[in-house]
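User: Please take a close look at a single part of this model, namely the salt bridges around one helix and the residues that take part in them.

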Amino acid sequence: MRVTGYKSHGVGAAAALVNAVTSAEGADTDDALRGVLADHGFFVADFTPDTAARLRPWARTLRAVFEAEALDRAVELLNALLADVPMHPHLADHDERGLHLHYAPPQVELAHRFRATTLMNLSELVCDHGIDRIGVCAAAGCDRVYADDSRGGRRRFCSDACANRTNVAAYRARRREQ
Ligand SMILES: [Zn+2]
Ligand SMILES: [Zn+2]
């Protein structure tokens, strides 16, 4: 959503969860994971240690989608997950966006709502753009993932910090060559 720069909050949430749990510098404590969900528009009132315990394996599962090097592979992974995660579409009207679809009704437990939402939003992104919009950060030494549902779709880094660091290094390398 607007707050995070993502059109679909599940896309940003998926990348943030994968980074929290699987990247070398991520933090995957219960509090950190609750923060990831809250930052991406999930209602976290019923977040418990059990929610966190269910989210950690989901992060490792989703990481494979971000790492897929061919569209066929991403589609195969997503289809297997879509067969596995029950979807219960539900019309919601809770903010300025107006009426829209959720992929799990509010009474379903939070970790399942999160799985359904991130899976559907990632699948929609791949339908629209293939795997060009998801990946692992291009910066040297960074293992964080990104997902890009912006209009331009030119993102290759997990963060501005990684983009800037890489650009500065490339600039210095060019200077040395001259
Ligand atoms: Zn909503
Ligand atoms: Zn990075």
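Analyst: The following account concerns the salt bridges that involve helix α3.

The model is predicted. A search of the whole structure finds 7 salt bridges. One of them joins D28 to R56, with the closest N and O atoms 3.6 Å apart. This pair links distant parts of the chain, as D28 belongs to the loop between α1 (9-22) and α2 (30-39), while R56 sits in helix α3 (residues 49-67), 28 residues apart. With a relative accessible area of 29%, D28 is partly exposed. D28 and R56 also belong, together with D30, to one network of salt bridges that share partners.

Within helix α3, the side chains of D50 and R54 meet in a salt bridge of 2.8 Å, N to O. Because D50 and R54 are 4 residues apart in helix α3, about one helical turn separates them. D50 counts as partly exposed at 41% relative accessibility, and R54 counts as partly exposed at 37%.

R54 also forms a salt bridge with E109, whose closest N and O atoms are 3.5 Å apart. E109 lies in the loop between β2 and α5 (110-129) and R54 in helix α3, so this pair ties together parts that are 55 residues apart in sequence. E109 is partly exposed, since its relative accessible area is 29%.

A contrasting case is D148, which is buried yet has no salt bridge. The nearest side chain of opposite charge, R133, is 4.2 Å away, whereas a salt bridge requires the nitrogen and the carboxyl oxygen to be within 4 Å. The side chain of D148 does make a polar contact of 2.6 Å with that of S150.

Definitions and conventions
Residues are numbered from 1 along each chain as its sequence is written. Chains are lettered from A and ligands numbered from 1 in the order in which they are written. This is a predicted model: local features need pLDDT of at least 70, side-chain atom pairs count only at pLDDT 80 or more; totals for chains, interfaces and linings use all residues. Side-chain values use heavy atoms; hydrogens and water are left out. Buried means under 20% relative accessible area, exposed over 50%, partly exposed in between (1.4 Å probe, protein chains only). Lys and Arg count as positive and Asp and Glu as negative; His and the chain ends are not counted. A polar contact is a pair of N or O atoms within 3.5 Å; within protein, one must be able to donate a hydrogen and the other to accept it, and residues adjacent in sequence count only if both atoms are side-chain atoms. Helices (H or I, at least four residues) and strands (E, at least two) are DSSP runs, numbered from the N terminus.
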